[in-house]
Each structure stands twice: as C-alpha cells, then as structure tokens.
Amino acid sequence: MSLPHAILTALLEKPSSGLELTRRFDKSIGYFWSATHQQIYRELGRLEQAGHIRALPAPVPVRGQRKEYEVLPAGRAELGDWVARPEDPKPMRSSLLLRMRAAAMVGTSGLRAELERHLALHREQLEEYLAIEVRDFPAERRSAGPDRLRHLVLRGGIDLERFWVEWLTSALAELDREE
C-alpha cells in the first residue's frame, strides 16, 4: 500500500506530471521504494479516482498534453493518517544470505565472486549517497524543516550501505580463513 503514499509525498513536495514523477522515482524515492512507469501511471489514475489528487487545469487545452497533478485535501489527510498508522517491520528477504546458507551445505565454489560483486555494488551506492549528501544537504540545511527528515532518510541509506560494506568485507575475510 506504500506506492500511493510515495506518490502523494512526491506530489506534495512538488506538483508533477507522471513523467516527472517517474524521473523523480528514478533519482530519489526509488532508492528506497521503487516503481515502474506503468505502476506510477496506474496509481495516479486510482488516486485521482479516489479524490486524493487532481490534474491541474492546462492554461491552453492541447490534445496529448501531459497532465500535472496536485494533492487535494483528502490526499493530504490520507497521507497523514498513513504516517500515523502502526506497521510492523517486514521480514528481510535476501537471496545473498540464502546463498551463503546453502554454501554451508554444498560448498563455497563461486561464492567469493558474488560476495565481491555485492561489495563493489554497495561501495558504489555508498559513494552515490555520500555525494548526494554533500550536494543536497549542506550543514545548514540538515537540521531545518522538511530537509531535516529528508536528510535522516538519506542517513539511513548511508548507514545501511556502510553496514553491508562492513559485513561483506568480514564475510570475505571469513572465506579466506576457511580456504
């Protein structure tokens, strides 16, 4: 149920067209909640039908012109209700962790390469997050208004990537001890 809430959040930050939303998902929200273009457009239709958003009137009606959406009071209320609603954490699913468990039974052949690949990916993602922090969150913006919470979300991503880099490094060291 979080995709409609992700879209409402993005539209409250800035009224946007479906295309602009998909680009924003690719650049920011998609780091922690991904969606395809089709899912976003389908959800925009549902949100509009539910009275949570509306397409802004075009200055001059043109056939095929993209719609820009804004959040209506009912959408803001739904988002507020959702923020306050309790939700239990979801169990983590990781094929990498499952592979390691399987390797305990069938041997570690090929596992090192996969761990190294994951380590490189997590290091790359960490560097990207750190660059975003420098670019978008100078010290004076980290503790004020909505940027304070946006920065906190980014810090969560940074901390998770640091965890994976540390954990994968120790897993590779453990494989070295075993060989």
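1. Which helix does Leu-152 lie in? Leu-152 sits in helix α7, and a quick look at its surroundings is an easy way into this model, which is a predicted one. With a relative accessibility of 56%, Leu-152 counts as exposed, because the cut-off for that label is over 50%. Arg-142 is ten residues away from Leu-152 along the chain, and their C-alpha atoms are separated by 8.4 Å.

2. Next door in the sequence is His-151, also found in helix α7. Is His-151 buried or exposed? At 9% relative accessibility, His-151 counts as buried. Setting aside residues up to four places away in sequence, His-151 touches Glu-133, Phe-137 and Arg-142. If you want a sense of distance, try Tyr-41: it is 110 residues from His-151 along the chain, and the two C-alpha atoms are separated by 28 Å.

3. Staying with helix α7 (residues 145-178), have a look at Trp-164 and Trp-167, which both lie there, three residues apart, or about one turn of the helix. Their rings form an edge-to-face aromatic pair, with 5.6 Å from centre to centre and 85 degrees between the planes. Trp-164 has a relative accessibility of 15% and counts as buried, whereas Trp-167, at 24%, counts as partly exposed. The cut-off explains the split: buried means under 20%, so Trp-167 misses that label. Phe-163 belongs here too, as ring pairs link Phe-163, Trp-164 and Trp-167 into a cluster.

4. How many aromatic pairs does the structure hold? There are three. One of them is formed by Tyr-31 and Tyr-129, again edge-to-face, at 5.2 Å centre to centre and with 85 degrees between the planes. This pair links distant parts of the chain: Tyr-31 is in the loop between α2 and α3, Tyr-129 is in helix α6 (residues 111-136), and their positions lie 98 residues apart. Tyr-31 is partly exposed, with a relative accessible area of 28%, while Tyr-129 is buried at 7%.

5. Now for the inside of the structure. The largest nonpolar core has 17 residues, and the members that touch the most others are Ile-7, Leu-11, Leu-21, Phe-25, Ile-40, Leu-44 and Ile-53. Which elements supply at least two residues each? They are α1 (2-13), α2 (18-27), α3 (37-49) and β3 (68-71). The largest share, six residues, comes from α1. There is another core apart from this one, made of eleven residues, including Leu-96, Leu-119, Ala-171 and Leu-175.

6. Leu-11 is a good residue to click on in the 17-residue core. Leaving out residues up to four places away in sequence, Leu-11 touches Ser-16, Leu-21, Leu-44, Ile-53, Tyr-69 and Val-71.

7. How do α1 and α2 sit against each other? They pack at an angle of about 105 degrees, with their axes 11 Å apart. That angle makes α1 roughly perpendicular to α2, because 65 to 115 degrees is the range for that description. On the α1 side, Leu-3, Ala-6, Ile-7, Ala-10, Leu-11 and Glu-13 meet Leu-21, Arg-24 and Phe-25 on the α2 side.

8. The buried residues of α2 are Gly-18, Glu-20, Leu-21, Thr-22, Arg-24 and Phe-25, and they pack against α1, β1 (16-17), α3 and β3. Arg-24 deserves its own look: it is buried, with a relative accessible area of 19%, so it falls just on that side of the 20% cut-off. Not counting neighbours within four places in sequence, Arg-24 is in contact with Ala-10, Glu-13, Lys-14, Ser-16 and Ile-29.

9. Glu-78, in helix α4 (residues 73-84), also counts as buried, at 19% relative accessibility. What does Glu-78 touch, beyond residues up to four places away in sequence? Its contacts are His-5, Leu-8, His-52 and Arg-85.

10. Last, a check on helix geometry. Helix α5 (residues 95-106) has twelve residues, so at 1.5 Å a residue it should span 16 Å, and its end C-alpha atoms are indeed 16 Å apart. Just after α5 comes Gly-107, which takes a positive phi of about 105 degrees.

Conventions
Residues numbered from 1 in each chain as written. Predicted model: local features only at pLDDT ≥ 70, side-chain atom pairs only at ≥ 80, totals over all residues. Heavy atoms only, no water. Core = buried A, V, L, I, M, F, W, Y, C linked by side-chain atoms within 4.5 Å. Buried < 20%, exposed > 50% of the residue type's maximum accessible area, 1.4 Å probe, protein only. Helix = DSSP H or I, 4+ residues; strand = E, 2+ residues; numbered from the N terminus. Contact = heavy atoms within 4.5 Å. Expected span 1.5 Å × (residues − 1). Phe/Tyr/Trp six-rings, centres within 6.5 Å; stacked < 30°, edge-to-face > 60°. Axes fitted to C-alpha atoms, helices over the stretch in contact; angles between N-to-C directions. Parallel < 35°, antiparallel > 145°, perpendicular 65-115°, else oblique.
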